[in-house]
Every structure is written in C-alpha cells, then in structure tokens.
Amino acid sequence: MDILIQDSWLREYIETNAAPRDIQRCLSLCGPSVEKIVEKDGEIIYSIEVTTNRVDEYCVRGIAREAAAILPRFGFHAKFINPDRRDVACNVSTQKNKLTIDIQDPEQNCQRILGVILDNVHLASSPKKISDRLETAGIRSLNNAVDITNYVMTEIGHPAHVFDYDRLTTKKLLIRKSKKGEKIISLEDKEYILPGGDIVIDDGTGKIIDLPGIIGTANSIVVSNTKRVLFFIETNDPGIIRNTSMSLGIRTVAATLNEKGVDPETAKNALLRGIELFKELCDAEVASEIYDIYPNPIKPKTVSCPMQKLYDFADEKISEREILSILNSLEIKSEIKNGNIISRVPSFRNHDINILEDIIEEVVRIYGYHNLKGKLPEGELPENVISASSADTLRVEQRIKELLKETNFTEVYTLSMLSSNDLENINYPCGNAVKINNPLLKEEEYMRPSLLPSLLKIVSENLSHEKEMAIFEMSNVYNYELRITNYELKNKNKFDQFLPSEKMMLGIVCVSHDFFEIKGKLEYIFKELGIISLRINNYGKIEYVENNLLQKYKISEPVLYIELDNEKICADYSNKKTFIPIPKFPEAYEDLSLIIPEGIYYTDIEKMIKQQSDLIKKVNLLDEYKDSLTLRVIYQSEERNIVDRDIKEGREKILKALNQGFKIFLKS
C-alpha cells in the first residue's frame, strides 16, 4: 500500500527539527519506506510504502506516531502531537431541534457503530488547503461534507461516511446481511448484484441505502440541497469486506483499509475529528447525541517475551532501559519481570502483534538493523530444502521444454483460470471444477481442469496472421479428487472431505501440421528422454479437436491436441546413454504390407517384430491405408553381410508371431 502525504500535514501531528530528507532517511531505515520525496507548488510530498500488516500506518497520524518513535534514535527532537478531542461534541439534551435516528445491528455484524446528526450544514467547495491535501493523496475533492469523510480517513486512518439525513425517510438504519441477488446503485450510478452474505444497511423497509465499509449508494448520498447529515462510522468484519469488495470488483480506499482490520478504538477519535471539521468547514451544529454501539470492546492483549530470546535473535545485548524506551515510544506499554518483557499491545496493533517474535521485531527495527554487528553463519550447512526427486523433476521438465523448442514448438504462458463458458465448451461440469470464491473477473471464475481451452484461445487470437502454429504449455490443472480425512470424535463419526488436487500437464496444440510429422517429433523427444517405446495412451492422449469445439473459438483450421502427464514422463525418464560403434556392414531391408485388425497398437507390432531376430535393427512405418500398414523391416549384422536366407527366415518368424499374437496377415 502506498500513501502520499504533504509535509505540512504531517507536522500537524509531530513536532520535530528533522528536515524532510532526514525524515525520509530515518523512517526508511527503521519503519515505513519513504520511496521518494518531491516538491510541488512549494509543498514537500512524501511517497510512503506501508506494509499490508500495518494498516495503522496508512494515515497521517500513524506515520507521525512512527516518526516520533524513530527520529530520536538518530538524534532529532520529535514529539507526537495527540489532540484531546473529548469535549468537542456539545451537550444537546436541552436543544429544541434535537434530531434522532434509530440504529440497529441485532446480528452484531459490525464491531462498533458511531453516528451523530449535524444540522444547518452549508455545502460548498472545500478550502484550498483541504482540497490540495486530498488531491495530493489521490482523492478527488467534491464538496466540503464529502471531503470531510475522506480527510478524516486519510488523517486518522478510519473510513467514515455521510448520509443526507432528510433522505433517510424512515429515520432508521438496520444493519444486516444481504440476500443473494439483491442490487445496489452506487454513488457513481453503477449497478451491482450482491453475491449474498454482504454487510448492508437498509432503511427498515428492505431498501438498501449503503454498502458499509466499501461504497455509498446513490439513494442516500449528500446532494446540492442537503442541509442535515448523519456522520457515520462503523468497523466491519475484515473477511466479509474483503470478500464483497473482490467479488464486486470495488476497490475503494475504504475497502482496502477495512479489509485489513481498522481499529474500532480509533473510530471515536475519527468521529470527533469529523465533528470538529463539520463545525469549521460547514458551519454545522451538532443536533443529536453521539450514538455509540460497541457491544464487545477490544480486550487488552498482553504478549510476553523472554529477554534471552531477544538476545539470541539479535545477537546483541540491548539494555533493559533501551528496550523499554523503544517499546513505550511505540505506545506498547511494557515492563520487565523475572527476565521477561511483558508488553500490553495497543488496540491499533491488535492484528499485528501476537507472539514474542513480534515484540522482538519491534525492538530490533527501532534499535536499527544497521546497528547490529555483522556475523557470519556458523555450524553445518542446512539440508537442501528441495528433495532430490523434486530437483530431478524440475530438471526433466526443463529438458522437455528445451527439446520442444529445438523441434520448433513455441512455449506460451496462459492464465490458470477459466470461465463457465470455457468449461461448457469442453463438456466439463462446472460443479466438478474448482471454483474461486472471490474471482477478479467473471471470465476467471474456475481453476482450469484442462489446458485445451487456454491453448485454443491463443490459436484463435493469432490465427488471422499465422496459419501454421505449434505451441505448448506446461502447467498445472486442477480437479476435485476424493481424499478421506478422518476426524475421530466422541461418537466416532467420520467425515469425507473433498480437496482439489493439482497435476502438472503438458499441452501441445498444432495447427495445419501433418500428423506423422508431429508424431516423429514426439518420438525424437521421447527418445532423447530415454523413453524408447512411445505409446501415447500411457502418458496422455493425442487427437484432432472436434469441429464444433473449434467453431466455438472461431477456428477454421484443423487442430491436433496432445495432452501428456508430466509426472509419468518424469518417472520414466532416463539419462543413461548407450554408444555403439558405426557398423562395418550395410543394411538390408524388406517391405511388408499387413492387414491389421482394429484395436492393435503400432508400438506393440513394432516390439513383436524386433523380438523375432537379433538382426532386425529398425522397423519403419511407410504407409497406412484403411486396415493395412506397410512396414519396412531393416536388417543389419555387426559381423557379416545380410543374405537372402536371413531375410526369409526373419519374414517367416515375423508373420507367424504376428498371426498368433494379433491375427495379423500378410496382404496378398
């Protein structure tokens, strides 16, 4: 995650004598990486990369808090400014224009809900300082009311929302889970169909008026004549927000923050800051009590870390005083008891600090990795994490690719996801495919069970300028296979669990190529891999793609498809080579035309012929017509010339063996 912050805005939350370049250097060494600083219109702007586990840093306040802990380590004065906003909301219990709203969350879909109604809101453009800061952060300035929500989010780190109070005709907000197929119209006038199980707000009549934590809806947003607003903040379940956001393809800043688990304790500060800004920018008046529904407040969490563990990891004896100084500067209140660091985790680090290694990391990064003494590793070398068999498999796979490229095949890389249409095209039931819960696109909803659709798409896209193609891809395919996992409970029940399996396959597609040419190339490749007898059905299949399937991908040329099981090929691979001297005596050959019954494999015929005599060195297929094959049997001796008697005896043995074994006859 990247955030852009103006230097002047940052300094509203930190008092320091460090220059912008000093801040960039120090933060990058011990905290969030300041990728660059630029100057624009007299303002210094920091471009900061925040790691995904530190959602608390994705705001001005969070960066200032980190800087206040880090800068003193480099000799700079730095003090975090934490404004006290406890008394911002006025007491409205005696006001005549007191307004109300009924907020309900019976299923406790939200961790915390906060709201306040503001009256006499004057809509206008935001002051230049506010709009410039938002534009710098990559957020479009709209009007002062909407800008306040984005300003609070960027400054405090908790998403916020504003409703037009008068458009909430029922004056009721019911927070519930959506039903599959319900629709919303976003504030950008886009329609979305909800997958179901999403957190929504309706007005008590079933009409959805917000998709909280992600995006507002068109039927409740602030409009030009808005006078009264409901300023609203909720903390949602991160998993649900992530699933909804990815399913619908709505990637707002609010969704990005909420899916990482924003701090519900920060929500109150965000609300009070919003009230402050509404008074300042909109001349608004607080017209209701502050609604605060917080049924299960975050419980303080304590993590214990033995001092010796820290010393072992850091290989540095950092003093107890320095350890406590570092942790307390990060608002991780700590003490040392009986050789253990006892740390109380602040709410804004609740998702991030869980185990002793997290405490060690905090101490060491602020202490400075650059301050640790360099030390070469000692002891025995670790065992290779890749097993011999895995390494061998990788080498064989690489060799297969090299051989395919040598024989003029082109390697392609395609996505591992398919649409339901692709599965229907190859007559594969969608129910048997591995479905992705939160696909980025509808066209990428299933993990592919076959490489064929992906390769046909490549052919379709390139056929207009390339009539002949020979392409291949080596990649995993995904299928459901039954794997039984037994859970022995008290009643001895057992459960069957279906888990997806993945298998490495080699897919080859040839357009406008002769079958025998491709077969010859495969024979060469298999021979180079040490697999002498090539029977395709032992490793996969070879077939022409049916015309109706080609039509679905708008392919007008014949397509040969070969699918091979990589695991079987790797298992049969051999790198042993046998070298023999060049023969001194010439070859002799005889052609045999044979009647072949249906269902007999050529490889079996070839094998049986070679078994009939040590003088038979090769068998080549010359021609094929209906139920007959013409074979050339090649004889050769290392000790003498081949004579007619050798060929006659060989022929008689061959015909007898073929007749007895396969009912094959010599064609008259």
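1. Contacts of M469. In this predicted model, M469 touches V459, N462, L463, V509, C510, V511 and H513 once its neighbours within four places in sequence are left aside. The residue belongs to strand 25, which covers residues 469-485. Its relative accessibility is 7%, and because buried means under 20%, M469 counts as buried. For a sense of distance, Q636 lies 167 residues from M469 in sequence, and the two C-alpha atoms are 39 Å apart in space.

2. Surroundings of N150. A second buried position, this one in a helix, is N150, which sits in helix 5, residues 144-156, and which counts as buried because its relative accessibility is 17%. Beyond the neighbours within four places in sequence, the contacts of N150 are with L134 and I139.

3. Strand 7 and its partners. Strand 7 runs over residues 110-119 and is mostly covered, with 9 of its 10 residues buried. Strand 7 is joined to strand 15, residues 229-236, by 8 bridges in an antiparallel arrangement, and within this pairing R112 has T235 as its bridge partner. There are also 3 bridges between strand 7 and strand 17, residues 291-293, again with the two running antiparallel; here G115 is bridged to Y291. Strand 16, residues 285-286, is likewise antiparallel to strand 7 and is connected to strand 7 through 2 bridges, and the partner of D119 in strand 16 is E285. As general background, strands of a sheet pair through backbone hydrogen bonds, either parallel or antiparallel.

4. A three-stranded open sheet. Elsewhere in the chain, 3 strands form an open sheet in the order 22-24-23, and their pairing is antiparallel. Which strands stand at the edges of this sheet? They are strand 22 (417-418) and strand 23 (434-435); each has a single partner strand, so one side of each is left without a neighbour in the sheet. Between strand 22 and strand 24, the latter made of residues 446-447, there are 2 bridges, and these two strands run antiparallel. In this pairing M417 is found opposite M447 of strand 24.

5. Overall dimensions. The radius of gyration of the chain is 36 Å, whereas a compact globule of 668 residues would have a value near 26 Å. The C-alpha trace spans about 120 × 65 × 65 Å along its principal axes, and a reader comparing the model with the globule rule may wish to keep both descriptions in view. In secondary structure, the chain contains 20 helices and 32 strands.

6. Burial, surface and contact order. Of the 668 residues in the chain, 48% are buried. The exposed area of the chain is about 35200 Å², of which carbon and sulfur atoms supply 48%. When contacts are restricted to residues at least 6 apart in sequence, 72% of them join residues at least 24 apart.

7. Charge distribution. How far apart are the mean positions of the positive and negative charges of the chain? The chain carries 88 positive and 104 negative charges, and their mean positions are separated by 2 Å.

Terms used
Residues numbered from 1 in each chain as written. Predicted model: local features only at pLDDT ≥ 70, side-chain atom pairs only at ≥ 80, totals over all residues. Heavy atoms only, no water. Helix = DSSP H or I, 4+ residues; strand = E, 2+ residues; numbered from the N terminus. Rg over C-alpha atoms; globule rule 2.2 N^0.38 Å. Buried < 20%, exposed > 50% of the residue type's maximum accessible area, 1.4 Å probe, protein only. Contact = heavy atoms within 4.5 Å. Areas by Shrake-Rupley, 256 points an atom, 1.4 Å probe, with all protein chains shown as cover. Lys, Arg positive; Asp, Glu negative; His and termini not counted. Charge placed at Lys NZ, Arg CZ, Asp CG, Glu CD. Pairing = 2+ DSSP bridges.
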